[in-house]
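User: I'd like a close look at a single helix and at what it packs against. Could you walk me through one, and then follow its surroundings into the rest of the fold?

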Amino acid sequence: MYVSAGIHGDEPAGVECAIRLIQQLSDNQQYKYWDFLLDTYNWMISPCDNPYGYERDTRENAVGLDLNRMFETPEQTKETEFIVESIRRIPQQKHINSHAGSNRLAITLALDLHEDMDSAGFYLWERRRTYHKPIGDAIVAKVNSVCNINRSSIIEGHHNDNGVITLLDQITSKGWTRGRYLAEHENTPCLILETPTRLDWNTRVKAHMVAIQAAIDMLYVNPL
Ligand SMILES: [Zn+2]
């Protein structure tokens, strides 16, 4: 399980949630399945991938680059080099996915926390292979109880099905994003969660937290 946030510095709700997740996961009272989850999955939580941008409320890093387009480009950044190195250091997966065809499946599921200043509601990108079980719909259904869902038919040129944009076996979409890197190199399904920046802070934080909790619950009830 890989939870990352703050690669765009002006999307702070995800950073808040990743830090809260670390705090909650260390509290066994709140997470009754924690022992199972720790025994079954590798965990990496990266709460703030663009600290320069986070401190200055900018999307880009110190030299004006959008880090979520810089994975595996010739001119890699220090930040993306660090992220890639961190991913490579995750030990081999404990829970073996029979579809993977390889033991090199370090990450069962990745959640990348973002915000969208143009959206009126929550939505997510679900990047997966055909053999990965879709879980985006179930997560959106949970978030719907705390936050509006963006149900526009098109978001950023992609078909949006009631809050879920599926990128199925689709390698290119927006350049070398983290999701694309994980799909190509780690065979990892990745959910990119987007909360609407125009809504109030508590709603955005709650929406991310509910989405993360829903994903964790799914890992427990029916391991991917
Ligand atoms: Zn973003």
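Analyst: Happy to. Let's take helix α7, where Arg 204, Ala 207, His 208, Ala 211, Ile 212, Ala 215 and Ile 216 are buried. Viewed down the axis of α7, these buried residues fall within an arc of 160°, so they line one face of the helix. The spacing of such a pattern has a simple background: an α-helix has 3.6 residues a turn, so residues three or four places apart point the same way. On the other side of α7, Asn 202 and Val 221 are exposed. Please keep in mind that this is a predicted model.

The length of α7 can be checked too. The helix covers residues 201-221, and at 1.5 Å a residue its 21 residues should span 30 Å; the end C-alpha atoms are 30 Å apart, which agrees.

What lies over that buried face? The cover includes three helices, α1 (12-25), α2 (34-40) and α5 (136-143), along with the strands β1 (2-5), β3 (110-116) and β8 (190-196). The three strands lead us to the sheet, so to speak.

That sheet is open and has 6 strands in the order β2-β1-β3-β8-β4-β7, with mixed pairing. At its edges stand β2 (44-46) and β7 (164-168), each with a single partner strand, so one side of each is left without a neighbour in the sheet. From one strand to the next, the twist averages 15°.

Let's go through the strands that help cover α7, starting with β1. Its Tyr 2 and Ser 4 point one way, Val 3 and Ala 5 point the other way, and all of them are buried. This fits a general rule: in a regular strand the side chains alternate between the two faces of the sheet. Strand β1 runs parallel to β2, joined to it by 3 bridges, and Val 3 stands opposite Ile 45 of β2. With β3, strand β1 also pairs in the parallel sense, here over 4 bridges. Tyr 2 has Ala 110 of β3 as its bridge partner, while Val 3 has Leu 111.

Next comes β3, in which 7 of 7 residues are buried. Both of its faces are covered, with Ala 110, Asp 112, His 114 and Asp 116 on one side and Leu 111, Leu 113 and Glu 115 on the other. Strand β3 continues the parallel pairing with β8 over 7 bridges, and Leu 111 stands opposite Leu 191 of β8. Leu 111 thus has a partner in β1, namely Val 3, and a residue opposite it in β8.

Two of the other helices deserve a visit. Helix α5, which is part of the cover of α7, lies across β4 (123-128), β7 and β8, running at about 165° to β4. In the loop between β4 and α5 sits Tyr 131. With 13 C-beta neighbours inside 10 Å, Tyr 131 counts as partly exposed. Its C-alpha atom is separated by 9.6 Å from that of Asp 169, although the two residues are 38 residues apart along the chain.

Helix α6 (residues 178-186) makes a good companion to α7. In α6, 7 of the 9 residues are buried, so this helix is largely enclosed by the rest of the structure. The buried ones are Arg 178, Gly 179, Arg 180, Tyr 181, Leu 182, Ala 183 and Glu 186. What covers them includes β1, β3, β4 and β8 from the sheet, as well as helix α4 (78-88). The strands β1, β3 and β8 therefore appear in the cover of α6 and in that of α7. Just after α6, Asn 187 takes a positive phi of about 55°.

To put all this in its setting, the chain has 7 helices and 8 strands, and buried residues make up 41% of its 224 residues. Among contacts with a separation of 6 or more, 73% join residues 24 or more positions apart.

Finally, a word on confidence. The mean pLDDT of the chain is 88, with 88% of residues reaching 70 or more. Over residues 98-104, however, pLDDT stays under 50, and the model has 5 contacts beyond four places in sequence for that stretch. Where pLDDT is low, the predicted coordinates should not be read in detail.

Key:
Residues numbered from 1 in each chain as written. Predicted model: local features only at pLDDT ≥ 70, side-chain atom pairs only at ≥ 80, totals over all residues. Expected span 1.5 Å × (residues − 1). Buried ≥ 20, exposed ≤ 12 C-beta atoms within 10 Å, placed from the backbone. Arc of directions from axis to C-beta. Contact = placed C-beta atoms within 7 Å. pLDDT = per-residue confidence, 0-100. Pairing = 2+ DSSP bridges. Axes fitted to C-alpha atoms, helices over the stretch in contact; angles between N-to-C directions.
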